[in-house]
Amino acid sequence: MSWSRLAAILIKELLQLRRDRLTFAMMVGVPVMQLVLFGFAINTDPKALPTALLIADNSIHARSLVAALENSQYFRVVQRPASAAQGEHLLATGQVQFLLEIPAGFARALERGQRPALLFAADATDPAASAAALAALEPIARQALAHDARGVLAPLQPGALPYDIRIQRRYNPEGLTRYNIVPGLIGVILTMTMVMMTALAMTRERERGTMENLLATPARPLEVMIGKIAPYIGIGYVQVAVVLVAARLLFAVPMAGSYAVLAGALALFMAANLAVGFTFSTIARSQLQAMQLTFFFFLPSILLSGFMFPFRGMPPWAQAIGEALPLTHFLRIVRGILLKGNGLAEIAPQLWPIALFMAAAGTVALLTYRRTLD
């Protein structure tokens, strides 16, 4: 055992680590990112969930119930649709999490002891996002009744609620978690494989010594990028087909929408991820660095997109980062098509952010593409 030889090896490794700044940044940055995301951004009990009110009886009892809902901090009134169809559209497009309908004559029926019914519809495509709020609904209604239980309603205060709250879990009546997870796996699998495979494209050329031959061709950077990523789109469709068949046969996940609309959204989403992978391949100087950059992109995508944890439970800064990721918008698209039967008009607000992200990633890739080996 020679301590001098051992010291020489240690110094050599430290010098290599200092020169490989990307690896050192990953060693420091990934634990910090995990600490911040898991410590601050992850919340399994979301509050201030967007709620729409369709009130046909603007009585004191209806106003007390609405005030109790807002004071509970679980519900945040953001829309007051003019009709039931408009309220259904808000639910279908994901603009609101809940829809409360108070029928006409609610106060009169309540005071007569006729036990009127309220409709409380919830977007249950993500059961975890609405479970806590739905569990708190009856205690909130009791609190509202206790405030108004005077006069003819005073005998009703200690007993059961004098009105029915009919909860409808739309798009996932049984609250099955697999209806939320399995469609989301399509986006997660594509994000991981598309970025990873393309990130290795250019670095593989350098390590194999074929990059010089590629640079000697008259191909322009845009032509190289399209030629590198186009074959993987076909591979992505094969992956999606496998997941959809398994989702139908093994997990009985419904397909309420159009396969053609889903195929078009898939092409845009895959192109965005492939552009990211090509960007990483132009920045990294080895396949190891390309893999590290892929992981650095994949981790926040899976944590901040709403795949593992409710998106609306995250703080505003985390939601802002999540809105910039293509996986966040694709999860809304694929769940909307499979579970809600959304068409092109409903998913259009989620398509343009993916297209914008693809354009930005493609621009960076073209700017960082090196025409020389230096």
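**Close-up 1. Ile186 and the residues it touches.** In this predicted model, Ile186 is in contact with Val240, Val243, Leu244, Leu266, Phe330 and Val334, leaving aside residues up to four places away in sequence. Ile186 is also part of the largest nonpolar core, which has 75 residues. Along with Leu190 and Leu266, Ile186 touches the most other members of that core. Helix 11 (residues 259-283) supplies the largest share of this core, with 13 residues.

**Close-up 2. Another core.** Apart from the largest core lies another one, made of 27 residues. Ala62, Phe98, Leu118 and Ile140 are among them.

**Close-up 3. The five-stranded sheet.** Now for the strands! Five of them make an open sheet, lined up in the order 2-1-3-4-5, and the pairing is mixed. Strand 2 and strand 5 (164-170) sit at the edges with a single partner strand each, so one side of each has no neighbour in the sheet. On average, neighbouring strands here are turned by 30° against each other, if you ignore direction.

**Close-up 4. Strands 1 and 2, a parallel pair.** Strand 1 (residues 49-55) and strand 2 (residues 75-79) pair in the parallel sense, over four bridges. Look for Pro50: its bridge partner in strand 2 is Arg76. To get from strand 1 to strand 2, the chain goes through helix 3 (residues 60-71), and this β-α-β crossover is right-handed.

**Close-up 5. Strands 3 and 4, an antiparallel pair.** Strand 3 (residues 98-102) and strand 4 (residues 117-123) pair in the antiparallel sense, over four bridges. Here, the one to find is Leu99, whose bridge partner in strand 4 is Ala121.

Conventions:
Residues numbered from 1 in each chain as written. Predicted model: local features only at pLDDT ≥ 70, side-chain atom pairs only at ≥ 80, totals over all residues. Heavy atoms only, no water. Pairing = 2+ DSSP bridges. Helix = DSSP H or I, 4+ residues; strand = E, 2+ residues; numbered from the N terminus. Right-handed = clockwise from strand over helix to strand, strands pointing away. Axes fitted to C-alpha atoms, helices over the stretch in contact; angles between N-to-C directions. Core = buried A, V, L, I, M, F, W, Y, C linked by side-chain atoms within 4.5 Å. Buried < 20%, exposed > 50% of the residue type's maximum accessible area, 1.4 Å probe, protein only. Contact = heavy atoms within 4.5 Å.
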